[in-house]
Amino acid sequence: MNDLTAALSTAGALIWTLDGELREIVCLSLGVSLTASACAFAIGAPLGTALAVYRFRSRGALIVAANTLLGLPPVVVGLAVYLLLSRSGPLGPLGLLFTPTAMIIAQAVLGTPIVIALAHRMTVSVWAAYGDSLLVDGASRLRAIFPIMAMARSGLLTAFLVAFGRAIAEVGAIMIVGGNIRGYTRTMTTAIALETSKGDLSFALALGIILIILSMTVSALSLLFGRAFADR
């Protein structure tokens, strides 16, 4: 009990004094996860909306695939990205393996199915309500995608925040493609795993507390923005 109290006290001191290494890890984690979430949103939101707007033969299969990929194992994604970026892989000459860019790619791959599935769910009802009106006014289905996205902006914001929550908490995929290199690719989750295995509980607890605060902040923002858009 005394050891736990001491570890918590040290963790609090690290957070309060903004320890340099702690700050570096948190900033890298936020930068990588926000960039990956933005990429996933830029790809997934229009695709998910397109699934709500268009009608074609394989549409149902694509919707099922997007929802199935919500449970995609992170280590499998990490392995796939590793093979893609390794020296013998098709993108090996770019030298991206064990860099923050590789981690962004892995997190974006994990987040894109989330955004596609949620964007489809959020926009399908909007299209059912306003799609005919847009088509009557002369808009093509392609041109209708972005107006529909604007109408469903609160739901799409939630999709972005969910993707960010998945990215910031990821450890398996980025451990494989990032290598957990100190001062370069070490994020909060990989640092927690490493410091716990080393027995440095105070540093791991400090990172864990920050990660919990970030997760709670994401949930609160999702709720607040959802209510704000609903009241308009």
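**A friendly walk through the helices**

Visitor: Which word fits Ala42, buried or exposed?
Guide: Ala42 has a relative accessible area of 54%. Buried means under 20% relative accessible area, exposed over 50%, and partly exposed in between (1.4 Å probe, protein chains only). With its 54%, Ala42 is therefore exposed.

Visitor: What kind of model is this?
Guide: Residues are numbered from 1 along each chain as its sequence is written, and side-chain values use heavy atoms, with hydrogens and water left out. Local features need pLDDT of at least 70, side-chain atom pairs count only at pLDDT 80 or more, and totals for chains, interfaces and linings use all residues, for the model is predicted.

Visitor: In which helix does Ala42 lie?
Guide: Helices here are DSSP runs (H or I, at least four residues), numbered from the N terminus; strands are runs of E, at least two. The run that spans residues 20–53 includes Ala42, and its name is helix α2.

Visitor: How many salt bridges does a search of the whole structure find?
Guide: Side chains of opposite charge can pair when their charged atoms come close. To count as a salt bridge, a side-chain nitrogen of Lys or Arg must be within 4 Å of a carboxyl oxygen of Asp or Glu. By that rule, the number found in the whole structure is two.

Visitor: Which residue meets Glu21 in a salt bridge?
Guide: Glu21 sits in helix α2, while its partner is 161 residues apart from it, in the loop between α8 (172–178) and α9 (188–198). Glu21 is partly exposed, at 25% relative accessibility, and the partner, Arg182, is exposed at 60%. The N to O distance is 3.2 Å, and the partner of Glu21 is Arg182.

Visitor: Which residue forms a salt bridge with Lys198?
Guide: The closest N and O atoms of this pair are 3.6 Å apart. Both residues lie in helix α9, three residues apart, about one turn of the helix. Lys198 is exposed at 57%, whereas its partner is buried at 4%, and that partner is Glu195.

Visitor: How many disulfides does the structure hold?
Guide: A disulfide is a covalent bond between the sulfur atoms of two cysteines. Here it is a pair of cysteine sulfur atoms within 2.5 Å. The closest cysteine sulfur to that of Cys27 is in Cys39, 19 Å away, so the two are too far for a bond. The number of disulfides in the structure is zero.

Visitor: Which helix supplies the largest share of the largest nonpolar core?
Guide: A nonpolar core is a set of buried Ala, Val, Leu, Ile, Met, Phe, Trp, Tyr and Cys residues joined through side-chain atoms within 4.5 Å. The largest has 20 residues, and those with the most contacts inside it include Leu22, Met188 and Ile210. At least two residues each come from α1 (2–16), α2, α7 (153–168), α9 and α10 (201–230). The largest share, eight residues, comes from α10.

Visitor: Within what arc do the buried residues of α6 fall?
Guide: Helix α6 (residues 141–151) has Ala144, Ile145, Ile148 and Met149 as its buried residues, while Arg143 and Phe146 are exposed on the other side. The arc is that of the directions from the helix axis to the C-beta atoms. Seen down the axis, the buried residues line one face of α6, because they fall within an arc of 140°.
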